[in-house]
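Here's a quick walk through this model, aimed at someone who'd rather think about side chains than file formats. Have the sequence and the 3D view open as you read.

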Amino acid sequence: MSSGQDLSYFAGLFDGEGCIHAHFGKNSQGLKRQARLKVTISMTNPVALRKFLASYGGSLKSRPGATNRCRTVWVWWLGQRASARFLRDVVPFLLVKRDEALLAIELYTRIETTPKVSKGRQGSIPLSDAEYESRAVLV
């Protein structure tokens, strides 16, 4: 866990430059039944993003600008579990993205607390319609 000062900094930068991604991905049967969560921050200067990387892990990648006149963009992102941890840490300090963060945390909690039943090599049993609908409201 980072210090309160670091969390305030992380929250402020995330409020302005970050993004919470929540969507349904396809499962092994091709159905859009698997909720996914990820957080990202994109900037043209990687210095602050390296601090996020050191504190929370994830990935930091660069991509060229859209045109020759655009600068390289650096993107820091976290997978599902780390995204939920990060959001739990910064939510008390968020102003702009607080409501989105609370919904994302609720979505992740539902993902983690739903029993996972496997059918072996065929993949997971699809979510019930009721659980799918409860997650869809959050996405």
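Let's begin with Leu107, which is buried, at a relative accessible area of 0%. Here, buried means under 20% relative accessible area, exposed means over 50%, and partly exposed is in between, using a 1.4 Å probe and protein chains only. You'll find Leu107 in helix H4, residues 98–113. Skipping residues up to four places away in sequence, Leu107 touches Ala22, Ala35, Arg36, Arg135, Leu138 and Val139, where a contact is heavy atoms within 4.5 Å. One of those partners, Ala22, is 85 residues from Leu107 along the chain, with 8.5 Å between the two C-alpha atoms.

A word on ground rules. This is a predicted model, so local features need pLDDT of at least 70 and side-chain atom pairs count only at pLDDT 80 or more, while totals for chains, interfaces and linings use all residues. Residues are numbered from 1 along each chain as its sequence is written, and side-chain values use heavy atoms, with hydrogens and water left out.

**The chain as a whole**

There are five helices and four strands, and from the N terminus they come in the order α-β-β-α-β-β-α-α-α. Both kinds of element are DSSP runs numbered from the N terminus: helices are H or I with at least four residues, strands E with at least two. Of the chain's 139 residues, 37% count as buried. Take the contacts between residues at least 6 apart in sequence, and 59% of them join residues at least 24 apart.

**Helix packing around H2**

Helix H2 packs with H1 and also with H3, as the table shows. Axes are lines fitted to C-alpha atoms, over the stretch in contact for helices, and angles run from 0 to 180 degrees between N-to-C directions.

| Helix pair | Angle | Axis separation |
|---|---|---|
| H1 (residues 4–17) and H2 (residues 47–56) | about 125° | 11 Å |
| H2 and H3 (residues 80–90) | about 105° | 11 Å |

H2 and H3 are therefore roughly perpendicular to each other, whereas H1 is oblique to H2. The cut-offs are under 35 degrees for roughly parallel, over 145 for roughly antiparallel, 65 to 115 for roughly perpendicular, and oblique for the rest.

Who meets whom? On the H1 side it's Asp6, Leu7, Tyr9, Phe10 and Leu13, facing Ala48, Lys51, Phe52, Ser55 and Tyr56 in H2. Those contact residues split into seven nonpolar, one polar and two charged. Nonpolar covers Ala, Val, Leu, Ile, Met, Phe, Trp, Tyr, Cys and Pro, charged covers Asp, Glu, Lys and Arg, and the others, Gly among them, are polar. In the other pairing, Phe52, Ser55 and Tyr56 of H2 meet Arg85, Phe86 and Asp89 of H3, giving three nonpolar, one polar and two charged residues.

**Trp76 and Arg50**

Trp76 sits in strand S4, residues 73–78, and is buried at 0% relative accessible area. Beyond its neighbours within four places in sequence, its contacts include Phe52, Tyr56, Leu60 and Phe86. A polar atom of the Trp76 side chain is 2.9 Å from the backbone oxygen of Gly57. Thr40 is 36 residues away along the chain, yet the C-alpha atoms of Trp76 and Thr40 are separated by 5.5 Å.

Is Arg50, in helix H2, buried or partly exposed? Arg50 counts as partly exposed, at 44% relative accessibility. Its C-alpha is 8.3 Å from that of Trp76, with their positions 26 residues apart in sequence. Outside the four-place window, Arg50 touches Leu60 and Trp74.

Terms used. A polar contact is a pair of N or O atoms within 3.5 Å; within protein, one must be able to donate a hydrogen and the other to accept it, and residues adjacent in sequence count only if both atoms are side-chain atoms.
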